[in-house]
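Trainee: Before I use any of these assignments, I would like to go through the reasoning behind them with you.
Mentor: Then ask about each label in turn, and we will set it against its criterion.

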Amino acid sequence: MGWQKRMQTCSLSPKLAEEIVKSAEEHAADETYIEYEFVHAGENFVACLSGALYLPAKKALLVADLHLEKGSAFARLGQFLPPYDTQRTLTQLAADIEHFAPQTVICLGDSFHDTEAPQRMNAHVAKTLLQMTGQRQWIWITGNHDPVVSGAMGGEVRDIVTLDAPGKVITLCHEPQGSLEAGQATAAGLEICGHLHPVARIPRFGRVLRRKCYLLSKDRIIMPAYGAYTGGLELDDDAFKPYLAVGAKLLAIGNQALAMHDASVSVPRRKR
């Protein structure tokens, strides 16, 4: 019960919860909002520092791996992280929504750290999330952490979403799909997914900078993890081998800029 007592003493006040959207709007109105426009597989995209991805042609905002309530999940195991990760993640998401004004928000899986996360969420923050999902079309794609998404959070729940585009179909999912890994994809398909939390190691001025990134291969975009408490997996991990063919690119997220590189620029970790 110790973790529950601690969580209660750290809960948000109604006033603070109500200020989430207000602070997001102020952030979005800032002229320093940084984004990066690029074309991949014939489609136009806009990326931003948060790790969100906007598809102008579909007026859709994509985010992956929010892992809401990861802090409270760790608290249940006795590791007491500050219980404000959900608030921080939703504040950033509200800012991105205010900036792009999408018709649709699509969350590419692992939006919740586990299936019980909605029940642990602070009531005032949960109310804010429900207001966000009720203001536009909102789609939760299921992930390995949240194979079941509570209807109490609003929005629609799907396993996969497909979008029609000129000459191709865009598939939105959580984990990279096997058919594309096996080399069966053609120019008629583009997949956008999450799950792997890509991180690049970029050498600069005698140092190596570890940065979240979007990984772009011929027929796929792997999104960076969006959540405040999400970690990352380096591109030298075996999990990325199928996606690092010649021509693969990475869009690295810096503190005040995004930069496109050939994926080969990422240096491996030192072997111990």
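Trainee: Leaving aside neighbours within four places in sequence, which residues is W138 in contact with?
Mentor: In this predicted model, W138 is in contact with L93, I97, V105, C107, M132, T133, G155 and E156; each counts because it has heavy atoms within 4.5 Å of W138.

Trainee: What makes the set of 28 residues a nonpolar core?
Mentor: The label applies because its members are buried residues of the nonpolar kinds, joined through side-chain atoms within 4.5 Å. Among the 28, L66, L93, F112, M121, L129, W138 and W140 touch the most other members. Elements giving two or more residues include α6 (123–134) and β6 (137–141), while α4 gives the largest share, five residues. Another core, of 25 residues, lies apart from it and has L163 and F38 among its members.

Trainee: Why are β8 and β9 called paired?
Mentor: Pairing requires at least two bridges, and five join β8 (residues 161–165) to β9, so the criterion is met, with the strands running antiparallel. One of the bridge partners is I170 in β9, facing L163. The two strands form a hairpin with two residues between them, and G167 in the turn has a positive phi of about 75°.

Trainee: How do you know that β9 also pairs with β10?
Mentor: Four bridges link β9 and β10 (residues 189–193) in the parallel sense, and at least two suffice, so they pair; V169 has G189 as its bridge partner in β10.

Trainee: Which side chains of β9 are buried?
Mentor: K168, I170 and L172 point to one face and are buried, under 20% relative accessible area, whereas V169 and T171 point to the other face and are not buried.

Notes: Residues numbered from 1 in each chain as written. Predicted model: local features only at pLDDT ≥ 70, side-chain atom pairs only at ≥ 80, totals over all residues. Heavy atoms only, no water. Buried < 20%, exposed > 50% of the residue type's maximum accessible area, 1.4 Å probe, protein only.
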